[in-house]
Amino acid sequence: MSLRSGNPSAASFSYPDINGKTVSLADLKGKYIYIDVWATWCGPCRGELPALKELEEKYAGKDIHFVSLSCDKNKKAWENMVTKDQLKGIQLHMGTDRTFMDAYLINGIPRFILLDRDGKIISANMTRPSDPKTAEKFNELLGLEGHHHHHH
């Protein structure tokens, strides 16, 4: 299965951000990449946004990119929400381009994916921002000791 840990990302991406600038996976290499596949109309996706924002603040300036890939068909709805809610991180619009979602066999959102500094898969189905395991994993990868003991 191509989505195993240690394999290269199942797909690259190259999508426009809120200012129309194209951002691709290659641009982000060198840092860990936590990807959120979501849409404005998805309740559970919106439910994760406060926790995602907290993580983005907690790891600001650290070696990790937070990338949100929106599959909204309605680009205006996406633009409005990103602007109104001042969503942080790297906000990209996939629209109807299913390449990335198909490569990761995504049929339900939100879906979180974690890639390493080389764009290889750490987890093709990563824990959600609201799950404490997510921050624990980031701490471990970034060599930041939290108050938790590591269980191996």
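How many of the residues of β3 are buried? In this predicted model, seven of the seven residues of β3 are buried, and the strand is thus described as mostly covered. The burial concerns both faces of β3: Tyr 32, Tyr 34, Asp 36 and Trp 38 are buried on one side, and Ile 33, Ile 35 and Val 37 are buried on the other. In a regular strand the side chains alternate between the two faces of the sheet.

The setting of β3 is an open sheet of five strands, in the order β5-β4-β3-β6-β7, with mixed pairing. The edges are taken by β5 (90-93) and β7 (121-126); each has a single partner strand, so one side of each is left without a neighbour in the sheet. On average, neighbouring strands of this sheet are turned by 20 degrees against each other, direction ignored.

The pairing may be followed outward from β3. Strands of a sheet pair through backbone hydrogen bonds, either parallel or antiparallel. Strand β3, residues 32-38, runs parallel to strand β4, residues 64-70, and seven bridges join the two. Along this pairing, Tyr 32 has Ile 64 of β4 as its bridge partner, Ile 35 is matched with Val 67 of β4, and Val 37 stands opposite Leu 69 of β4. With β6, by contrast, β3 pairs in the antiparallel sense, over five bridges; here the bridge partner of Ile 33 is Leu 115 in β6.

Strand β4 is also mostly covered, with seven of its seven residues buried. On one side of β4 the buried residues are Ile 64, Phe 66, Ser 68 and Ser 70, and on the other they are His 65, Val 67 and Leu 69. Strand β4 pairs with β5 in the parallel sense as well, over four bridges, and Leu 69 of β4 stands opposite Leu 92 of β5. The chain passes from β4 through α3 to β5, and this β-α-β crossover is right-handed. A right-handed β-α-β unit is likewise made by β3, α2 and β4.

The helices of these two units also lie against the strands. Helix α2, residues 43-58, lies across β3, β4 and β6 (111-115), and runs at about 160 degrees to β3. Helix α3, residues 75-84, packs on the sheet and touches β3, β4 and β5, its direction making about 170 degrees with that of β5.

Two polar residues of β4 deserve separate attention. His 65 is in strand β4 and has a relative accessibility of 17%, so it counts as buried. A polar atom of the His 65 side chain lies 3.5 Å from the backbone oxygen of Leu 28. Apart from neighbours within four places in sequence, His 65 is in contact with Leu 28, Lys 31, Tyr 32, Ile 33, Tyr 34 and Ile 90.

Ser 70 is also placed in strand β4. Its relative accessible area is 0%, and Ser 70 is therefore buried. The side chain of Ser 70 makes a polar contact, at 2.9 Å, with the side chain of Asp 72. When neighbours within four places in sequence are left aside, the contacts of Ser 70 are Trp 38, Trp 78, Leu 92, His 93, Met 94 and Gly 95.

Aromatic rings form a further set of links, and a search of the whole structure finds eight aromatic pairs. In one of these, the rings of Phe 13 and Phe 100 have centres 5.7 Å apart and planes at 80 degrees, so the pair is edge-to-face. Phe 13 lies in the segment before β1 (14-16), while Phe 100 belongs to helix α4 (residues 99-103), so the pair ties together parts that are 87 residues apart in sequence. Both Phe 13 and Phe 100 are buried.

The rings of Tyr 59 and Phe 138 have centres 5.4 Å apart and planes at 85 degrees, so this pair is edge-to-face too. It links distant parts of the chain, for Tyr 59 is in the loop between α2 and β4 and Phe 138 is in helix α5 (residues 132-142), 79 residues apart. Both Tyr 59 and Phe 138 are buried. Tyr 59 and Phe 138 also take part in a cluster, in which ring pairs link them with Tyr 34, Phe 66 and Phe 112. Of these residues, Tyr 34 is one of the buried residues of β3, and Phe 66 is one of the buried residues of β4.

Methods: Residues numbered from 1 in each chain as written. Predicted model: local features only at pLDDT ≥ 70, side-chain atom pairs only at ≥ 80, totals over all residues. Heavy atoms only, no water. Pairing = 2+ DSSP bridges. Axes fitted to C-alpha atoms, helices over the stretch in contact; angles between N-to-C directions. Contact = heavy atoms within 4.5 Å. Buried < 20%, exposed > 50% of the residue type's maximum accessible area, 1.4 Å probe, protein only. Polar contact = N/O pair within 3.5 Å; in protein donor to acceptor, adjacent residues only side chain to side chain. Right-handed = clockwise from strand over helix to strand, strands pointing away. Phe/Tyr/Trp six-rings, centres within 6.5 Å; stacked < 30°, edge-to-face > 60°.
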